[in-house]
Amino acid sequence: MIPSAGLAGQAFQIKEQPTKTYRMDRENHLVRGYTDGLEAMRQAIYKVILTERYQYSMYSWNYGIELLDLFGEPVSYVCPELERRIAEALLWDKRINGVDSFAFDFPEKGVVSVSFTVHTVFGDVRAERKVNF
């Protein structure tokens, strides 16, 4: 016999959880206070694109970006791969709607600097990352 009491027919209200998190003071290398909204998204993007995927057991395998295997590869391979991998790493976050406007610069031999725009539910964030290849 299956019990008749259950959740069918009940009204549910979905409540969005805040994005409040600890605030990282990158200039002084401190964590102090809290941040929310667009600033919390900037911080989340920064952390994801600086964390090598699969290297830290405290993070899910969905967290971070794979860059180690790009060392020694030609620039014609590195640039499109960076674009794909950055978008893939960031789009796991449900607060991120898209990643585009990639621009590449080569400040020195073996280094590529990539900048891009991340479209979030809080607004757009411009981000960048330097990668040795």
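Buried here means under 20% relative accessible area, exposed means over 50%, and partly exposed is whatever falls in between, with a 1.4 Å probe and protein chains only. By that yardstick Thr35, at 8% relative accessibility, is buried. The model is a predicted one, so local features need pLDDT of at least 70 and side-chain atom pairs count only at pLDDT 80 or more, while totals for chains, interfaces and linings use all residues. Residues are numbered from 1 along each chain as its sequence is written, and side-chain values use heavy atoms, with hydrogens and water left out.

Starting with the overall layout, the protein chain has two helices and five strands, where helices (H or I, at least four residues) and strands (E, at least two) are DSSP runs numbered from the N terminus. Read from the N terminus, the order of elements is β-β-α-α-β-β-β. The radius of gyration is 19 Å, well over the 14 Å that the globule rule gives for 133 residues, so the chain is more spread out than a compact globule. For reference, that radius is taken over C-alpha atoms, and the rule is 2.2 Å times the number of residues to the power 0.38. The C-alpha trace spans about 70 × 40 × 30 Å along its principal axes. Of the 133 residues, 34% are buried. The accessible surface comes to about 9,400 Å², with 52% of it belonging to carbon and sulfur atoms; these areas come from the Shrake-Rupley method with a 1.4 Å probe, and for residues only the protein chains shown count as cover. Among contacts (heavy atoms within 4.5 Å) with a separation of 6 or more, 31% are between residues 24 or more positions apart.

Back to Thr35, which sits in strand E2. Beyond its neighbours within four places in sequence, Thr35 touches Thr19, Lys20, Thr21, Tyr22, Arg23, Ala40 and Gln43. Val31 is also in strand E2 (residues 30-35), but Val31 is exposed, with a relative accessible area of 57%. Val31 joins Tyr22 and Tyr34 in a nonpolar surface patch with about 370 Å² of accessible area together. Patches are made of residues with over 30% relative accessible area and no salt bridge, like charges being joined within 9 Å and nonpolar side chains (Val, Leu, Ile, Met, Phe, Trp, Tyr) within 5 Å.

Further along, Val112 belongs to strand E4 (residues 111-120) and is buried at 0% relative accessibility. Its contacts outside the four nearest places in sequence include Val78, Leu82, Phe104, Phe106, Val131 and Phe133. The C-alpha atoms of Val112 and Ser76 are 11 Å apart, with their positions 36 residues apart along the chain.

Two loop residues have unusual backbone angles to look at. Most residues other than glycine have a negative phi. His29, in the loop between strand E1 (21-25) and E2, has a positive phi near 55° and is exposed at 71% relative accessible area. Tyr54, in the loop between helix H1 (37-50) and helix H2 (75-90), has a positive phi near 75° and is partly exposed at 43%.

On to the aromatics. The structure holds five aromatic pairs, counted for rings of Phe, Tyr and Trp (its six-membered ring) with centres within 6.5 Å, where planes under 30 degrees apart are stacked, over 60 edge-to-face and the rest tilted. Tyr54 pairs edge-to-face with Trp61, at 5.0 Å centre to centre and 75° between the planes; Trp61 is exposed, at 63%. Tyr56, Tyr59 and Tyr63 form one aromatic cluster.

As for charges, there are nine salt bridges, each a side-chain nitrogen of Lys or Arg within 4 Å of a carboxyl oxygen of Asp or Glu. Arg32 and Asp25 meet at 3.4 Å, N to O, with Arg32 partly exposed at 41% and Asp25 buried at 13%. Arg53 bridges to Glu88, also with the closest N and O atoms 3.4 Å apart. That pair links distant parts of the chain, Arg53 being in the loop between H1 and H2 and Glu88 in helix H2, 35 residues apart. Arg53 is buried at 6%, whereas Glu88 is partly exposed at 34%. Asp69 and Arg85 meet at 2.6 Å, N to O. Asp69 lies in the loop between H1 and H2 and Arg85 in helix H2, so this bridge ties together parts 16 residues apart in sequence. Arg53, Glu66, Asp69, Glu81, Arg84, Arg85 and Glu88 are linked in a network of salt bridges.
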